[in-house]
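Got the viewer open? Let's take a walk through this one, selecting a piece at a time.

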Amino acid sequence: MLHLNDIALRYGAKTVVEHLSLSLAAGQIGCLLGASGCGKTTVLRAIAGFETVREGSIVLGGETVADARRSVPPELRQIGMVFQDYALFPHLDVAGNIAFGLGRLDRAARRARVDELLELVGLTGQGGRYPHQLSGGQQQRVALARALAPSPRLLLLDEPFSNLDVELRERLAQEVRAILKAAGTTAILVTHDQHEAFAVADVVGVMADGHIRQWATPYRLYHEPADRFVADFIGEGTFLPGRIVGAQCIEIELGEICRTVPFGGRPGDVADVLIRPDDIQHDDASPTRARVLAKAFRGAEFLYTLELPSGARVLSLVPSHHDHAIGEAIGIRAEIDHLIAFARGE
Amino acid sequence: MAELALNPAVSDPSPHAAHHRRHAWRGVAISLPIALLTLIPLLVVLASFLSPQPEIWAHLAQYVLPGVLRNTLLLIIGVGLGVLGLGVSLAWLTAMCEFPGRRFFAWALMLPLAMPAYVLAFVMVGLLDFTGPVQTWLRAAFGGSAWFPPIRSSGGVVLVLSLAFYPYVYLLARNAFATQGRRALEAAQMLGVSRRAAFWRVAIPMARPWIVGGLTLALMETLADFGAVSVFNFDTFTTAIYKAWFALFNLPAASQLASLLVLFVLALAVVEQRVRGERLYHARAGGGERIALRGTARWGAVAWCALVLLVAFVVPLIQLGHWVTQVWADDFDERYPAFIGRSVLLAALAALLVAALALALAYARRRYRDGGTRWLVRLATLGYAVPGTVLAVGVFIPIAWLDNLLLAIFQPLGFEGFQVFKGTVAVMLLALAARFLAVGFQPVDSGMQRITRNQEEAARSLGLRSRQVLLRLHLPLLRGGLFTALLMVFVDVMKEMPITLMTRAFGWDTLAVRVFEMTSEGMWDRAALPALFIVLAGLLPVLLLTRHGAED
């Protein structure tokens with residue numbers, strides 16, 4: 001459906017994005033995830049047609065919409081966009097905003113389409129209100145309905161939840177995914193928030209310095225990060241030093257982990273092993289003790305920062321009825337299903 | 001109103017609301033006397049509706065009104081279209097497009113604000129009239145049959161007033177385009193609308209509250225203009241009021257005419273207040289780069305900006321300078337220090353008075369937020385919409401009545417004068433303060449609004465009494481706003497013509513009055529000398545405005 005083939009984007013002499021490729025199948029929701037300044041919004045604007053592609057090409061539904069030589073103007077690409085600040089038109093009511101891109105339809109068809117979308121986003125009967133009369137969440141849904149109204153071939157969402165408060169953000173992220181899936185829309189989301197990315201997207205690209213480091217499902221990003229950067233960026237965790245022993249095992253302070261070693265190390269090589277908070281189980285019966293350095297209450301769980309006898313640190317998620325004091329030594333056990341390790345110095 | 005009630009800022013559930021309600025009369029006690037400054041002249045003028053004098057109306061309806069109404073409508077339509085065309089196009093180019101010299105033009109296109117309409121008017125007439133340098137040169141070059149459109153025509157008045165007042169539309173529209181940014185245009189493009197169509201379907205409608213606001217201000221100035229139309233002998237309400245009073249000595253007729261003019265300007269004021277409210281909902285900060293113009297469009301933009309700047313400011317300023325060098329030696333004599341002295345004295349006193357009143361009003365509105373105070377503050381600042389000629393009539397009538405009353409009491413006691421207040425600087429100041437209160441109130445009030453309630457409450461919780469809060473928190477933070485108010489009012493009074501002309505004591509001439517006397521005799525070169533002083537003073541607030549613009 002959408003292919004970015006080895007594209008490069010520049011502002012003047014400054015290269016923002018280089019050698020970037022990705023593909024999205026019809027009906028799939030993709031996400032570009034990265035810190036601000038990593039180039040993700042520039043990629044989105046290039047797909048929309050607001051930035052010039054210097055190298056490579058963008059192919060949408062079999063049609064090349066942009067390459068180094070030509071560029072289809074944004075209004076002819078049939079791509080929808082939800083802006084970070086929604087960019088609703090304050091002089092038009094909700095129905096007027098949604099109908100804005102429906103110029104080709106006659107009046108009756110336009111009204112029918114507007115009603116259909118109001119229902120889709122759960123704002124039935126609100127067509128006569130003006131943007132300033134709506135809450136942030138409602139404005140967001142109007143922006144989504146407006147972008148979906150002309151049935152775009154592809155929908156772009158630029159940090160669509162960043163102006164909402166945290167609770168609303170999570171609920172709306174799930175809602176938006178449901179709406180997009182119900183409409184069968186192909187979409188790309190740009191965000192710096194991994195929870196948002198995981199809640200909405202089928203496939204996520206972690207970006208840094210104008211490159212996609214890994215393009216994979218959220219599950220694989222978390223459990224099989226391609227490199228140290230992705231491992232660090234996604235989820236929480238700490239690295240423990242380890243040593244490869246035998247063909248299938250790595251020995252760390254908490255014991256031996258026997259899984260397929262993810263890089264081609266030989267016995268005796270030194271490695272860094274990523275330990276996630278959910279890899280460390282609290283077990284009073286365990287002989288391995290660790291001292292509580294800090295704790296953060298998260299409602300159902302505590303996130304403990306623990307110090308091992310060697311001085312290395314690990315994180316552990318523990319059900320919150322296990323309330324231990326700082327300084328206390330508690331029993332722990334490593335239960336690692338996914339071995340994530342990188343050769344030292346990589 | 002239902003949606004307003006949902007907005008906490010409007011329904012104001014402040015814990016101190018009850019306290020403020022209890023002391024509501026204090027807010028009214030501060031704002032009512034200030035509001036009377038505007039209300040009394042307005043009511044006096046409008047009261048002439050209550051006592052219609054059939055013979056005066058018959059005379060006006062037959063000889064004065066047809067021409068005056070036709071000319072006024074012509075000005076409203078012509079100048080309205082003129083300022084929209086100039087203001088919106090220049091605002092769009094300098095706010096949204098990129099072309100050589102854009103930053104310079106964005107600043108320089110405000111300069112015509114410094115040139116009063118009456119100065120632009122006489123310079124244009126002097127330049128372009130049959131005996132002026134342009135037509136003389138054309139005849140020398142192309143023979144006696146060379147044709148040039150006559151400047152002394154309705155077209156000429158419309159052109160001059162459009163060039164003088166377009167900055168109101170320009171400034172507000174530029175502000176609107178800059179805040180909407182490119183985001184709205186991009187949103188429209190993503191919905192399949194081309195950029196050109198998006199300009200008309202999105203950018204202009206979104207900027208409408210600002211554009212209409214600028215338009216109503218420009219039209220208020222047009223209706224209030226006295227000096228420029230006098231130069232053209234183009235009869236409007238203001239010149240008719242002046243003639244009725246000073247040529248026919250018929251004050252009731254002047255008052256009847258003023259009451260009609262007030263209806264026009266109040267209609268404009270209502271529109272202006274309404275769109276001002278709409279702007280709240282349109283405010284959106286949007287960034288994005290400007291549209292880079294290429295090829296013809298690029299140089300077309302440069303040419304258009306340069307043309308307007310040349311015609312509206314640079315050429316008139318050069319012509320003024322040229323005339324001044326010719327008459328300087330003969331004309332600059334001991335009368336001039338007196339003209340300048342009176343202008344500066346009047347402007348300084350008015351500025352101080354307005355700043356003090358503006359501070360009192362802004363404080364009253366801040367402290368006592370009841371409906372009565374709010375309404376009185378609104379009424380008090382309505383004077384910006386009321387033409388100077390109307391205020392002059394409205395202030396003169398009650399003062400004359402008061403004078404007669406006092407003379408009836410004092411003359412039997414041996415008082416020998418013919419007037420007590422008439423023709424004093426105090427009376428001029430009352431009318432000027434009413435006219436320019438809004439000019440001073442605006443910067444003071446916006447400074448006041450930047451002080452948060454929490455800052456006030458922090459000061460109170462640190463043990464300061466309310467008067468100390470005013471002295472130690474408000475005044476220091478309002479210094480910038482007060483300075484702006486002083487400067488703007490000072491310069492507006494320097495430029496002001498009709499109030500000074502109509503309420504001054506005989507022979508108490510200022511620079512603006514001097515300009516009027518020289519232009520009414522067609523001596524453009526001798527009018528240039530006082531005019532140049534006024535223009536130079538007028539540059540001060542424009543420079544201040546641009547400094548603020550640069551900070552934003």
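Start by selecting Ile79(A) and Leu154(A): Ile79(A) sits across from Leu154(A), which belongs to strand 7 of chain A. Keep in mind as you look around that this is a predicted model.

Now widen the selection to the two strands themselves. Strand 6 of chain A and strand 7 (residues 154-158) of chain A run parallel, joined by four bridges. Add helix 4, residues 136-148 of chain A, and you'll see what packs on the sheet here: this helix touches both strand 6 and strand 7 of chain A. Its direction makes about 175° with that of strand 6 of chain A.

Next, bring in the rest of the sheet. Six strands of chain A make an open sheet in the order 6-7-8-3-9-10, and the pairing is mixed. Which strands stand at the edges? They are strand 6 (79-82) and strand 10 (211-216) of chain A; each has a single partner strand, so one side of each lacks a neighbour in the sheet. Ignoring direction, neighbouring strands of this sheet are turned by 20° against each other on average.

Time to show chain B. The contact between the chains takes 18 residues from chain A and 18 residues from chain B. Which element of chain A gives the largest share of the side that touches chain B? It's strand 6 of chain A, with three residues. Colour that side of chain A by residue type and you get 11 nonpolar, five polar and two charged residues.

For the next stop, select residues 2-234 of chain A. An unreviewed UniProt entry places the feature "domain: ABC transporter" there. This stretch is 34% helix and 27% strand, and its end C-alpha atoms are 25 Å apart.

Then jump to residues 238-245 of chain A, which form strand 11. Strand 11 pairs with strand 14 (residues 270-275) of chain A in the antiparallel sense, over six bridges. Pick out Thr238(A) and its bridge partner Ile275(A), in strand 14 of chain A. Strand 14 of chain A is also joined to strand 20 (residues 341-343) of chain A by three bridges, again antiparallel. Here, look for Val273(A) and its bridge partner Ala341(A), in strand 20 of chain A.

Finally, zoom out to chain A as a whole. Count along the chain and you'll pass eight helices and 20 strands. The C-alpha trace spans about 75 × 50 × 30 Å along its principal axes. Of the 346 residues in chain A, 41% are buried.

Notes
Residues are numbered from 1 along each chain as its sequence is written. Chains are lettered from A and ligands numbered from 1 in the order in which they are written. This is a predicted model: local features need pLDDT of at least 70, side-chain atom pairs count only at pLDDT 80 or more; totals for chains, interfaces and linings use all residues. UniProt positions are given in the numbering used here, feature names are shortened, and annotations may be inferred rather than shown by experiment. Two strands pair if DSSP finds at least two bridges between them. Axes are lines fitted to C-alpha atoms, for helices over the stretch in contact, and angles run from 0 to 180 degrees between N-to-C directions. Two residues are in contact if their C-beta atoms, placed from the backbone, lie within 7 Å. Ala, Val, Leu, Ile, Met, Phe, Trp, Tyr, Cys and Pro count as nonpolar, Asp, Glu, Lys and Arg as charged, and the others, Gly among them, as polar. A residue is buried if 20 or more other C-beta atoms lie within 10 Å of its own, exposed if 12 or fewer, and partly exposed in between; C-beta atoms are placed from the backbone.
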